[in-house]
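Student: I am new to this structure and should be grateful for a close look at one part of it. Please begin with a single hairpin and then relate it to its wider surroundings.

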Amino acid sequence: MITVYTARRVHTMDPSLPEATAVAVRGDRIIEVGTLETLRPWLDAHEHRVDDRFADAFLLPGLIDPHVHPALMAILLATEWITPESWDLPGGGVEATVGHEAYRARLTGLEAAHPSGQPFVTYGWQQQYHGSISRSDLDAISTTRPIVVWARCFHELWCNGAALEWLDAAEGAAWDPHIDLEAGRLWESGLAWGLNTLREDLFADGRFEVLMEDVAALVHRGGVTTIADAGFGGMALPDRELEVLAQVHEGDHVPFRQYLIPQVAAFKRAFGSEAEDRMAALDEHASERIRFLHAGKFFADGAFMGQIMQLREPGFIDGHEGAWMADPDRIAHHIRPFWHAGKQVNVHVTGDLGVDAVLDAVAELLDEKPRFDHRTVLHHFGISTQAQSRRAAALGCAVQVNGYYLRYFGDQFVADGLGTERASLMTRVGSARRNGMSVALHSDLPMGPLQPMLGASILATRMSGTGVVLAPEERLSSYDALAAVTIEAAWQLKLDHEIGSLASGKLADMTVLDADPFEVDPAAWPDIGILATVLGGRVYPLEDA
């Protein structure tokens with residue numbers, strides 16, 4: 001049986017046949033895209049039915065978020081949120097908290113209401129919005145209850161004395177330079193140390209499974225049919241995470257597929273000398289909804305939101321230094337086994353000094369073993385130079401950016417951290433496209449909301465939170481912005497033969513909208529209603545549509 005989905009307009013994201021009004025599906029694949037008239041040879045020859053439930057709607061290829069962290073989002077959903085921007089979470093809305101006094105009032109109020117005897121963990125503190133914080137500030141709230149303030153950038157924790165004891169921070173500080181007991185701060189590798197305790201507490205009593213169901217709801221709400229965990233194993237232990245994924249994110253009721261990219265450093269921490277064998281064996285766990293890419297995730301410098309990235313001169317306005325997550329001279333060493341095995345490389349890099357280190361590593365590896373179509377992806381690409389954009393293109397790299405950086409931190413980083421020029425030019429996507437690079441968009445959930453239409457809108461408008469257009473020359477066209485969440489995201493995952501556009505033979509994945517994004521100002525894209533998604537030909541309506 002062939003099912004034909006009709007629509008007011010279908011945007012295929014295939015330049016050879018950009019628009020249609022009907023998509024014919026058999027099983028989980030597209031038979032043909034066109035009109036009821038052009039589909040007639042198929043329809044005359046085969047039993048079929050016309051499904052016109054989307055006749056007044058608009059179809060795009062199923063939206064793709066190529067860099068999310070489901071387990072990371074799950075653990076943060078187990079905390080109390082105090083964020084500088086509002087969030088619509090499965091458990092209820094979170095109102096924005098801005099200002100030093102407002103943050104302290106919210107923090108002390110939530111702590112006072114928290115059950116006695118239990119550690120208090122809150123997520124969302126951001127210095128540019130909430131002012132500074134320290135161990136002494138948190139000790140002033142309580143010296144007996146562990147209090148952990150998890151920064152909005154995720155990469156750092158601020159603790160009172162009781163929390164430092166709870167996290168065994170003194171033991172970690174004996175060898176880890178990223179644990180400052182006096183300040184109460186654990187960041188980057190220090191965060192990884194603290195997670196050993198936080199994970200066990202926040203995921204206890206079956207909460208991991210429940211919260212992963214909430215993450216699945218966020219994926220569907222965003223109109224997304226494919227996600228990639230670009231850092232699998234970095235939050236929960238890989239075996240535990242696989243167990244929960246198979247239990248919660250598998251089955252016909254799940255309206256999306258997910259592809260897992262192992263975080264290489266996390267596998268090495270968990271399995272030591274057996275790490276490469278364990279990563280090679282991941283395919284044994286593949287299923288209909290959960291799949292694995294022949295790729296790896298690596299790190300260069302620190303978090304962008306926390307201003308822990310590594311910058312070239314002139315550096316940060318206040319003179320502080322960022323952090324390396326990997327010795328810059330060892331990045332090529334870490335990547336080498338994957339490169340020589342022909343696997344795809346994905347690198348977290350946020351500052352321009354970090355970009356230099358990553359491009360040097362790619363150039364070194366290309367010299368050792370030339371590779372065509374390696375599709376090395378630079379994730380985040382927060383601060384970069386024009387020369388780096390051209391060099392990355394010449395080396396065959398692609399960029400995958402977080403559009404929310406610009407919206408949430410463009411204004412603040414102008415005044416506090418970077419100055420006008422570099423802050424305005426963060427996420428230099430226009431240059432990347434002009435230089436011929438693939439540009440994709442991710443949420444890096446929970447760093448940004450899993451709302452691709454919002455992210456695409458930001459890349460097309462470059463409008464900051466105060467309504468200022470930052471570096472308009474770096475805007476993407478409407479087509480390129482939507483391609484960043486469809487065909488370009490698919491290409492960077494090496495899945496463009498299967499998803500990302502609507503064409504004969506590809507998977508029948510679609511997102512159903514109540515307005516045409518090509519006829520609407522990109523600033524209004526976040527207001528377009530998402531009516532349903534279609535995964536492999538099966539319709540999944542949104543309950544609140």
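Tutor: Strands β2 and β3 (residues 29-34) run antiparallel and pair over 5 bridges; strands here are DSSP runs of E of at least two residues, helices are runs of H or I of at least four, and both are numbered from the N terminus. Two strands count as paired if DSSP finds at least two bridges between them. The model is predicted, so local features need pLDDT of at least 70 and side-chain atom pairs count only at pLDDT 80 or more, while totals for chains, interfaces and linings use all residues. Residues are numbered from 1 along each chain as its sequence is written, and side-chain values use heavy atoms, with hydrogens and water left out.

Within this hairpin, Arg26 has Arg29 of β3 as its bridge partner. The hairpin has 2 residues between its strands, and Gly27 takes a positive phi near 65 degrees. Strand β2 (residues 19-26) also pairs with strand β1 (residues 2-11), again in the antiparallel sense, over 6 bridges. There, Thr3 is matched with Val25 of β2 as its bridge partner. Strands of a sheet pair through backbone hydrogen bonds, either parallel or antiparallel.

The parallel arrangement is found further along the chain, where 4 bridges join strand β21 (residues 398-402) to β22. One of the matched positions is Val399, whose bridge partner in β22 is Val439. In a regular strand the side chains alternate between the two faces of the sheet. In strand β22 (residues 439-442) both faces are covered: Val439 and Leu441 on one side, and Ala440 and His442 on the other, are all buried, meaning under 20% relative accessible area with a 1.4 Å probe and protein chains only, where exposed is over 50% and partly exposed lies in between.

An open sheet of 6 strands, with mixed pairing, follows the order β7-β10-β11-β12-β14-β13. Its edges are β7 (80-81) and β13 (179-180), each with a single partner strand, so one side of each is left without a neighbour in the sheet. Inside that order, strand β11 (residues 147-151) and strand β12 (residues 156-159) run antiparallel and are joined by 3 bridges. Val149 finds its bridge partner in Trp158 of β12.

Two helix residues may be set beside these strands. Gly194 belongs to helix α8 (residues 189-202) and is buried, at 0% relative accessibility. Apart from neighbours within four places in sequence, Gly194 is in contact with Leu157, Leu167 and Leu186, contact being heavy atoms within 4.5 Å. Leu167 is 27 residues away along the chain, yet its C-alpha atom and that of Gly194 are separated by 5.5 Å. Leu418 lies in helix α16 (residues 404-418) and is buried as well, with a relative accessible area of 4%. Its contacts beyond four places in sequence include Met309, Phe316 and Ile383. Another contact is Ile317, which is 101 residues away along the chain, with 6.0 Å between the C-alpha atoms.

These parts belong to a protein with 21 helices and 25 strands. Buried residues make up 61% of its 545 residues. Of the contacts with a separation of 6 or more, 73% join residues 24 or more positions apart. The C-alpha atoms fill a box of roughly 75 × 55 × 50 Å along the principal axes.
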